[in-house]
Amino acid sequence: LTFFASDCITELYGRRAATVVVNVGFVMNFVLLGLVYSTIEAPVAGNSPVAAGTFASVLGASGAVVAGSLLAYLVSQNWDVFVFDRLRQATDGRHLWLRNLGSTLTSQLLDTVIFVGVAFLLLQGLSLQVALSLMVGQYVFKLLVAVADTPFVYAAVALVRSRGSSPDAYVTEAQ
């Protein structure tokens, strides 16, 4: 869904606005992590039906998964915005489907390789064969989602434009 959102934002408001949203999202992940870990460390209410250890194991994601996820998010989302904008320039604003698919398919490949490579192969010592299997499975699923979300990108862009919002005015003001 984040790739869907960044494609819509890039289409409607431009590369700069989308990059800001992506990077704010990255920072907000750290805020969320702080909230989760402070909640884990807080004392458990005396009448809680959930033990502190159970609570911590459910909410406390492994450090390797968090590191892989954050790095993959930062790199792949910024790549998505960059490629989408370049394709928009190359197509003179035509072929939204090409921008959506081209940017999402390449950024999802980066996302998958970085996430699995860092979280499981590098930091947890998973075998290369198993890591590659995870990568292929995840990427195939992401390919299907990317193809399926293209009509929704068209719908979201059309909806915003039909409501009289002026993305071009926003981009001009932001610059």
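The bend at a residue is the angle between two fitted axes, one through the seven residues ending there and one through the seven starting there. Helices (DSSP runs of H or I, at least four residues) and strands (runs of E, at least two) are numbered from the N terminus.

The model is predicted: local features need pLDDT of at least 70 and side-chain atom pairs pLDDT 80 or more, while totals for chains, interfaces and linings use all residues. Residues are numbered from 1 along each chain as its sequence is written, and side-chain values use heavy atoms, with hydrogens and water left out.

**Exercise 1. State how many helices and strands the protein chain has, and give its overall extent.**

Solution. Step one: the protein chain has seven helices and zero strands. From the N terminus, the order of elements reads α-α-α-α-α-α-α. Step two: along the principal axes, the C-alpha trace spans about 60 × 40 × 25 Å. Step three: of the 175 residues, 31% count as buried. Here buried means under 20% relative accessible area, exposed means over 50%, and partly exposed lies in between (1.4 Å probe, protein chains only).

**Exercise 2. Compare the expected span of α4 with the distance between its end C-alpha atoms, then do the same for α5 and locate the kink in α5.**

Solution. Step one: the expected span is 1.5 Å times one less than the number of residues. Step two: α4 has 28 residues and should span 40 Å; its end C-alpha atoms are 40 Å apart, which agrees. Step three: α5 has 27 residues and should span 39 Å; its end C-alpha atoms are 37 Å apart, and this also counts as agreement. Step four: α5 has a kink of about 25 degrees, centred on V116.

**Exercise 3. Describe phi and exposure for D92 and H95 in the loop between α4 and α5.**

Solution. Step one: D92 is found in the loop between α4 and α5, and H95 lies in that loop too. Step two: D92 is not a glycine, yet its phi is positive, about 50 degrees. H95, also a residue other than glycine, has a positive phi near 60 degrees. Step three: D92 has a relative accessible area of 62%, so it is exposed. H95 is partly exposed, with a relative accessible area of 40%.

**Exercise 4. Place N100 in the fold and decide whether it is buried or exposed.**

Solution. Step one: N100 belongs to helix α5. Step two: N100 has 0% relative accessibility and therefore counts as buried. Step three: N100 and V81 are 19 residues apart in sequence, and their C-alpha atoms are 10.0 Å apart in space.

**Exercise 5. Count the aromatic pairs and classify F26 with F30 and F115 with F120.**

Solution. Step one: rings of Phe, Tyr and Trp (its six-membered ring) pair if their centres lie within 6.5 Å; planes under 30 degrees apart count as stacked, over 60 as edge-to-face and the rest as tilted. By this rule there are three aromatic pairs. Step two: the ring centres of F26 and F30 are 5.2 Å apart and the planes stand at 85 degrees, so the pair is edge-to-face. Both residues lie in helix α2 (residues 15–41), four residues apart, about one turn of the helix. F26 counts as buried at 18% relative accessibility, whereas F30 counts as partly exposed at 44%. Step three: the ring centres of F115 and F120 are 5.6 Å apart with planes at 85 degrees, so this pair is edge-to-face. F115 is buried, with a relative accessible area of 16%.

**Exercise 6. Give the volume of the largest pocket and of the second largest pocket, and describe each lining.**

Solution. Step one: on a 1 Å grid over the protein atoms alone, a pocket is an open set of points where a 1.4 Å probe fits, with protein on both sides within 12 Å along at least five of seven lines; lining residues have an atom within 4 Å of a point. A volume is the space filled by probe spheres set on the points, which are joined across faces, edges and corners. For the linings, Ala, Val, Leu, Ile, Met, Phe, Trp, Tyr, Cys and Pro are nonpolar, Asp, Glu, Lys and Arg are charged, and the others, Gly among them, are polar.

Step two: the largest pocket has a volume of about 360 Å³. It is lined by 17 residues, of which L1, T2, F3, Q108 and D111 are the closest to its centre. α6 gives the most to this lining, with five residues. By class, the lining of the largest pocket has nine nonpolar, five polar and three charged residues.

Step three: the second largest pocket has a volume of about 180 Å³. Among its eleven lining residues, N29, L33, V66, S69 and L70 are the closest to the centre. α4 supplies the largest share of this lining, five residues. The lining of the second largest pocket has nine nonpolar, two polar and no charged residues.
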